[in-house]
Amino acid sequence: MTETMEQDVQATIKALKSNRFDPVEYVEKAEDVAKIVLAMIPPEAKVGIGGSVSLMQLGITDELVKRGNMTRKQPDVYLTSSNAITMDGKLVNTDMTGNRVSAMIFGPKQVIVVAGINKIVRDVTAALNRIKTTTAPAMAKIAGLKTPCAVEGGKCNDCKSPMRVCTVTTIIEAKPRVTQIAVILVGEDVGLGWEPDWAEDRKEKVASAFRENMGKLRAFVQLQQ
Ligand code: SF4
């Protein structure tokens with residue numbers, strides 16, 4: 001990690017803590033994350049997860065299934081990633097359905113957010129821009145949806161499509177009153193997110209890991225139905 005990236009990570013952790021997310025942990029290696037997250041979840045807890053490629057990529061989803069923690073009803077603990085984390089300590093997320101973003105705010109008493117350093121952006125403006133220019137188009141493309149942003153050479157035009165992937169956006173500015181939110185920041189790229197000026201090989205690595213784990217996530221969701 002470059003010195004600048006390290007400074008960005010430290011600034012983000014400090015800001016998240018000041019916004020009362022608790023705990024905020026930094027885990028350098030992706031391979032160590034599943035063990036740490038699983039240790040935070042009581043063995044008997046009922047766990048719900050957002051449709052998260054990051055959790056699938058880190059092996060957390062598979063481990064929760066093995067442990068028998070998964071539920072489709074009211075969970076005690078809700079696990080998800082975040083589409084973006086700002087350097088001033090805010091979580092920015094967009095959904096098509098809204099189930100994930102609402103569960104992050106109210107319902108489960110404990111929420112655990114697990115996100116790679118590629119999700120860090122400067123501020124809310126950068127987060128919203130990232131979602132419209134990278135996250136939503138990639139999601140739509142991979143899901144085979146013909147939204148304007150997903151077709152060749154297309155870009156966001158605030159579409160009115162029923163297949164619009166970005167219908168609900170939340171900004172969690174600080175810990176919500178009755179929900180505990182832990183943030184585990186991973187010192188590697190995990191899940192979907194990049195900036196246009198990143199090296200092509202870094203972007204391609206993120207995209208190909210996302211495609212691969214999106215396939216696994218789809219199979220998992222089908223099995224749950
Ligand atoms: S509003 Fe439509 S075109 Fe814009 S990012 Fe969302 S899905 Fe794509």
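How far should the 19 residues of helix H6 (residues 124-142) span at 1.5 Å a residue, and how far apart are its end C-alpha atoms? The legends below describe close-up views of a predicted model, and the view of helix H6 takes up this question.

**View A. Five strands form an open sheet in this predicted model.** The strands lie in the order E1-E9-E6-E3-E2, and their pairing is parallel. Strand E1 (24-27) and strand E2 (47-49) are the edge strands, each of which pairs on one side only. From one strand to the next, the twist averages 20 degrees.

**View B. Strand E1 runs parallel to strand E9 (residues 180-186).** Four bridges join these two strands, and Val-24 stands opposite Val-183 in E9. Helix H1 (residues 3-18) packs on the sheet, where it touches both E1 and E9, and the direction of helix H1 makes about 160 degrees with that of E1.

**View C. Helix H6 covers residues 124-142 and has a kink.** At 1.5 Å a residue, its 19 residues should span 27 Å, and because the end C-alpha atoms are 25 Å apart, the expected span and the model agree. The kink in H6 is of about 45 degrees and is centred on Ile-131.

**View D. Helix H6 has buried residues, and Gly-144 follows the helix.** Ile-131, on which the kink is centred, is itself buried, and the other buried residues of H6 include Ala-127, Arg-130, Thr-134, Pro-137 and Met-139. An α-helix has 3.6 residues a turn, so residues three or four places apart point the same way. After H6 comes Gly-144, whose phi is positive, near 75 degrees.

Definitions and conventions
Residues numbered from 1 in each chain as written. Predicted model: local features only at pLDDT ≥ 70, side-chain atom pairs only at ≥ 80, totals over all residues. Pairing = 2+ DSSP bridges. Axes fitted to C-alpha atoms, helices over the stretch in contact; angles between N-to-C directions. Contact = placed C-beta atoms within 7 Å. Expected span 1.5 Å × (residues − 1). Bend = angle between axes of the 7 residues up to and from the residue. Buried ≥ 20, exposed ≤ 12 C-beta atoms within 10 Å, placed from the backbone.
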